[in-house]
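Visitor: Please show me the model. I have some questions about its side chains and helices.

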Amino acid sequence: MLDCRAIADRSAPGAEPRAGRGHDNQHLLLSAGTSGALFASLIGVMAITSEFRHGTIRSTFLVTPRRSRVIAAKVVASLLMGIVFGLVAISISFGVGYAILTGRGIDFALDTGHVVLLVVGTVSMTALWAAMGVGIGAVVRNQVFAVIGVIVWALLVDDLIRALLPDVGRFTPVGASDSVTAGFADYLLAPALGALLLAAYALVVVAAGATLVARRDVT
């Protein structure tokens, strides 16, 4: 996801120019598609909470009594949707960004490795956020609360943690996502560690959701 803290640092009055600023600015421009992960997570949330909201979850569980299979199916569907969503989002942001740079006669500053990490990281990160959305929805069940909670966390709470406590912020879901997508902030984890951490978040949240759904009464 976009690193709002990094953007703020770079636009602060009196900020000192530094080497690589053009590289970082191009990364911010071309990585706008990473914000699609938030929308993917909301779709994941609604994939399960809509059934609770409209009462269709009861008939779903009658057809498939093993509730874990229902959650697993929704997670797989959300992962696939996230992959497609990520591909579309990064293609649009990269295409538009590159066109802007070319139109202004600005040399491309990102190397091949950075571009590959940005593209692959965006796709995988968006898929994992979609899966987390299903897990969060299964835990919360209430669609409105789940949607608001995801938005508030991603756009406010997580950003505040990274801004005020960067040593802690590197381990948050958004911090891990920035690591996976070649973010340039100094406090970020290595991409591989960020990917593992983000996958762990998704696994834990989905497992929690599946456990609670299996135990709760849906009547």
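Visitor: Is K74 buried or exposed?
Guide: This is a predicted model, where local features need pLDDT of at least 70, side-chain atom pairs count only at pLDDT 80 or more, and totals for chains, interfaces and linings use all residues. Residues are numbered from 1 along each chain as its sequence is written, and side-chain values use heavy atoms, with hydrogens and water left out. Buried means under 20% relative accessible area, exposed over 50%, partly exposed in between (1.4 Å probe, protein chains only). K74 has a relative accessible area of 16%, so K74 is buried.

Visitor: Which residue forms a salt bridge with K74?
Guide: A salt bridge puts a side-chain nitrogen of Lys or Arg within 4 Å of a carboxyl oxygen of Asp or Glu. For K74, the closest N and O atoms are 2.7 Å apart, and the partner is E51.

Visitor: Which helices does this pair tie together?
Guide: Helices are DSSP runs (H or I, at least four residues), numbered from the N terminus. The two residues are 23 apart in sequence, so the pair ties together separate parts. K74 lies in α5, and E51 in α3 (residues 36–54).

Visitor: What are the expected and actual spans of helix α5?
Guide: The expected span is 1.5 Å times one less than the number of residues. Helix α5 has 37 residues (67–103), so 54 Å is expected. Its end C-alpha atoms agree with that, at 53 Å apart.

Visitor: How many salt bridges does a search of the whole structure find?
Guide: K74 with E51 is one pair. R162 with D159 is another, at 3.1 Å between the closest N and O atoms. The search finds five.

Visitor: Which residues do shared salt-bridge partners join into one network?
Guide: R162 also meets D178 in a salt bridge, at 3.2 Å from N to O. That pair links distant parts of the chain, helix α7 and helix α9 (residues 173–180). The network consists of D158, D159, R162 and D178.

Visitor: What is the relative accessibility of H27?
Guide: H27 lies in helix α2 (residues 21–30). Contact means heavy atoms within 4.5 Å. Not counting residues up to four places away in sequence, H27 touches seven listed residues, including L110, H114 and F184. H27 counts as buried because its relative accessibility is 4%.

Visitor: How far apart are the C-alpha atoms of I151 and L38?
Guide: I151 sits in helix α7 (residues 143–164). Not counting residues up to four places away in sequence, I151 touches L38, L42 and L156. I151 and L38 are 113 residues apart along the chain, yet their C-alpha atoms are separated by 7.5 Å.
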